[in-house]
Each structure stands twice: as C-alpha cells, then as structure tokens.
Amino acid sequence: MGVLLRLSELIVLITVLLLVYICPFSKVEESFNTQAIYDIVHHGRNLTAYDHHEFPGVVPRTFTGALLVAPWLSFFNYIFSLDGFAQQLAARAILAVLVWCGHVSVSRAVQRRLGRNAALAFNLISAVQFHLPFYMSRTLPNTFALICSNFALAAAIDNRWREFTAIIALAVPLFRAELVVFAGPLFLLALFTRRLNVTTMLGVGLPTGLLTIAFSTVIDSWFWGRWLWPEGEVLWFNTVLNKSSEWGVMPPGWYFLSVLPRSLNVAFQCLTLSFALLDLLLLDDSPILVCGLAFLGLYSALPHKELRFVIYVLPLLNVAAGIGLADFWDCPRARGALFSWLGRLIVIGALLGGLCCAMIFSRAAMLNYPGGEAMRWLHQHAQTPNATLHACNLAAQSGVTRFLEHDLSLHLSKVESWTDQIRPEQFEWLIAEAHDVALYQQHHTIVDTIKGFSRMRLQKAFPPLVFETVPQLYIMQRISQ
C-alpha cells in the first residue's frame, strides 16, 4: 500500500505536468509573475528593462513568488540552454512541483490521520479533476498562496496548530490576504476545541506576520522603485475601495452552484454522499470540512467572484471526498459480496467519470489561448530580422509573453491605443482583432486566422461532443510598397 500511495502522489504530478504541456500558454491574470520571472532571469538587476514599469497592472504585486521560481529556471537554462518557449514551460513546471510538494504534505497527513485508503483516494480524486491540477502550474498569486495553504491544511489535519499559525501569518501578507477568510474558521475550530489558545496564536502569528510585511516591503519596494507593501495595496483596492466588482459581479450562491460542481467533477457527488454519513464529515470530532464550506460562504459575500479566489478549499473538499471513496471501497464483506462489489464499482465509476470530465475541460482549455497560438505561428513563419510586431489587447490577454518573444527577431509592442507617434502602419506584423481588421487593410493584408474556443455542443454523429471554434485573431503583414 505504501508503494501505491507514493505512486498515486506521482500520478498527481504527472497530471499537472501533462496540463503544462498541452496548455502551455498563459492568460492576463498570470502575466505579472510570468513577466517577472522572465525579467529576473534575463535582466537581473537592470530594473529599467523590467516589464512591470511599462505594464504595472491595476495593483502592484509581490516579486516573492517570481523569486522562488527564477533561480531554478536560471539553473536549468544554464545547463540546457532552453529557448523561450521551453523556458516558459520550465517555469510553470517548477511552480507545479512546488505546489505538488504542498499537496504531498496533505496526502501524508491524511495517511497518518485517516488511513492509507483515504490518502490514496484523495490523490486519485485530485488527479482526475481538471481545475485543481490546471491551476497548480499557473503563475497566479493564488497559486503561490496555494503552496502555503496546502502546508497549512496538512498542519491542521495533523493538529500542528503552531505551525498552521506560522504558515498562515506568512502567506496572508505575502501572497493573498483572503487566506484570512480561509484560516479564520479553522482558527475558531482550534480555539473552541482547545488545541490552540489565543496567547500561542498571537505569540506566533503577530511576529511572523510583521516580519513578513517588513520582508515584502523591503524586497518589493526595490523592484517597484517606491515604498510599498503590495498585498496591503491589493487589500485596500479590493475591500476598502471595493473596486474588484468592476471586473464583474456574480450572484451570492455562485461558488456553491457553479464552482464546486465544475471543480470537483464527479468527486462532488461523492462529497454529497459523504454528507449522508455524518461520521465521514468529522476528523476526530473536528469538522474541518465545515470550516471549508464556511470559507466559501464568507467569501460569497464579495460581489466579484472567480474560481481562483477559492482554489485553496478544493484540496480540503477532496480530503472529504476521499474519505467517502475509501468508505465505499472498504465496504465490509459482512454486509454481503453484493454490497462489497457495489461499493467498489461506485469508486471506479466516480474516478472514470471524473477523468472523462477532466478530458473535456482540457480539450476546451487547449483551444482557449489564441494569443499564444498566434505567437507560435509567428515563430514558424515570421523570422524577419529587425521587423516589428504589435499584439492587440486580446492577444496580450491570451498568451503573448516575453518568453515567447525571446527567440523572435521581431520587436514586440503591446500599446493599447494608437498615438501620433505610434501608428499601425509602422509595424511589419499585426495581431489584430476582428473589429480592427478593416482599419488596417489599407496597409496590411491578412496572412492567417487564429481560431479560439467558442462552445461545446452535442450531436448524433461521432464524436458526440463537438468543440466549436470561431476566428478570434488575425495575423496581418504590411503590404510592400
């Protein structure tokens, strides 16, 4: 069983790395850390060349996450002389391994506390999902926070509450302040069950938090060129000013009615079955699962909602689903051979169903990065020395990065509006959206069309599920005079 458990942990890593390979590009939410990793590796102390000076984003972010990945990428780049595309894959793979180490810590804690079958089921459920493995390699602030939340969850399962406090006090001011909402119910649980007291919590949490704020302020002020504490500004922007709602508002029950069923796939059904068995909701009389659901409930109060904001709760819910699967697998033969085999069929069916859902989501994700595909096309067809390229806003949001520019002889521009000094006719190549094509056809011609994911539909013929794509970007070349 020990070998099987280690193998199941390895399967999770293989799944994450496979998603890195088949979905190699990034979205705009990942751009800051992606560009920061590139800049640290290639520009070092030459801060004037860093991307964030030209594109600072809505709020400043910490460079700490990038500093965790960049030294490893520099090492592999020195050994293997990677091209830009391979460097981007390597950066995401390094982050994936860091998050996976946190996942393994949860797996080992579940093994110690709940048994090997529960840990094995936890790993298999995580492997056959899509969203959790997908986000484990994404250079989001939430993903760096997921490293910490996984280690904190493992500490909570193991009743190591001092360690839990220290990890949360480090992660909150460094990566994502919302982890306070994730940790709050767990702190109340520990205090209520007398496994943690206020003196210990404050004695560990306050010094760790203050030191972390000081560290972030010193490091990030150097990179940004002004005194700041990035996560403090993010917290002010999102909560006090409540400007995050400008990026969309979702209904209060969206996390429960949409995010959980999609994220947990068929494991969500196992979780609901676990609700029917009250003993499966309690970890030594500590309702840790209820704390996870409380986090979702509290976070639902914020109008702007995204799956990545609550990614930390998915491993916790997978633990509960794993307990349910292990219970079905271990259905005692004393109840009869039929019950025993039925329980195991439920487990196998749940895992296969989850795998099918994950494959569907993966296929849709592969078609969802037209900007990255446009850059891939240019790598193959547009190696013109000293030529210029302008990428439109949609392209910049769906895959265009400095890593992908690295091997091109093109000089990339991502300006969002034209001026008297910067005009489209100045560029040899354009990546344009449909509504701009007519404006550019006086001096550019379309050489290729990049399609992107539109929707899924069922049909009676084979294959029964069709992934429809529509033209989203147009690659245009300047007409020779």
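Helices and strands are here DSSP runs, numbered from the N terminus. On that basis, Asn159 falls in the loop between helix H7 (141–157) and helix H8 (161–174). The phi angle of Asn159 is near 65°, a positive value in a residue other than glycine. The model is a predicted one, and all angles, distances and volumes below refer to the predicted coordinates.

Confidence was considered next. The protein has a mean pLDDT of 88, with 91% of its residues at 70 or more. Among the elements, helix H3 (residues 64–80) has the highest mean pLDDT, 97, whereas helix H13 (residues 267–276) has the lowest, 55. The pLDDT is below 50 over residues 275–286, a stretch that nevertheless has 22 contacts in the model beyond near neighbours in sequence. Where pLDDT is low, the predicted coordinates should not be read in detail.

The chain is divided into domain 1 (1–367) and domain 2 (370–478). Their C-alpha centres are separated by 32 Å. Contact between the two involves 24 residues of domain 1 and 21 residues of domain 2. A cis peptide bond joins Phe462 to Pro463, with omega near -5°. Pro463 is located in the loop between strand S4 (444–458) and strand S5 (465–478).

The UniProt record, an unreviewed entry, places the feature "transmembrane region" at residues 6–23, 62–80, 86–106, 167–192, 204–224, 286–302, 309–329 and 341–361. Two of these spans were examined in the model. Residues 6–23 are 94% helix and 0% strand, and the end C-alpha atoms of this span lie 26 Å apart. For residues 167–192, the helix content is 85% and the strand content 0%, with 20 Å between the end C-alpha atoms.

The largest pocket has a volume of about 1300 Å³. It is lined by 44 residues, of which Glu29, Val58, Val59, Arg61 and Arg308 are the closest to its centre. Two or more lining residues come from each of helix H2 (31–43), helix H9 (179–192), helix H11 (230–240), helix H14 (288–299) and helix H18 (393–397). By class, the lining of this pocket comprises 22 nonpolar, 11 polar and 11 charged residues. Both domain 1 and domain 2 contribute to the lining of the largest pocket, each with at least three residues.

The second largest pocket has a volume of about 720 Å³. Its lining consists of 28 residues, and those nearest the centre are Lys27, Phe134, Tyr135, Asn368 and Tyr369. At least two lining residues are supplied by each of helix H6 (131–135), helix H12 (254–264), helix H16 (337–366), H18 and S4. The largest share, 4 residues, is that of H16. The lining of the second largest pocket divides into 16 nonpolar, 5 polar and 7 charged residues. As with the largest pocket, at least three residues of this lining come from each of domain 1 and domain 2. Helix H18 is listed among the contributors to the largest pocket and among those to the second largest pocket.

Enclosed space was also examined. The structure holds 4 cavities of 30 Å³ or more. The second largest cavity has a volume of about 70 Å³. Its lining is made up of Asn33, Pro60, Arg61, Thr62, Gly65, Pro141, Phe144, Leu174, Phe175, Pro230, Glu231 and Val234. Helices H7 and H11 each provide at least two of these residues, and H11 gives the most, with 3 residues. The lining of the second largest cavity comprises 7 nonpolar, 3 polar and 2 charged residues. Arg61 lines this cavity and is also one of the residues closest to the centre of the largest pocket. Helix H11 likewise contributes to the lining of the cavity and to that of the largest pocket.

Terms used
Residues numbered from 1 in each chain as written. Predicted model: local features only at pLDDT ≥ 70, side-chain atom pairs only at ≥ 80, totals over all residues. Heavy atoms only, no water. pLDDT = per-residue confidence, 0-100. Contact = heavy atoms within 4.5 Å. 1 Å grid on protein atoms, 1.4 Å probe; cavity = no way out; pocket = protein on both sides within 12 Å on 5 of 7 lines; lining within 4 Å. Points joined across faces, edges and corners; volume = space filled by probe spheres on them. Nonpolar A, V, L, I, M, F, W, Y, C, P; charged D, E, K, R; others polar. Domains from an automatic or database assignment. UniProt positions renumbered as here; feature names shortened; annotations may be inferred.
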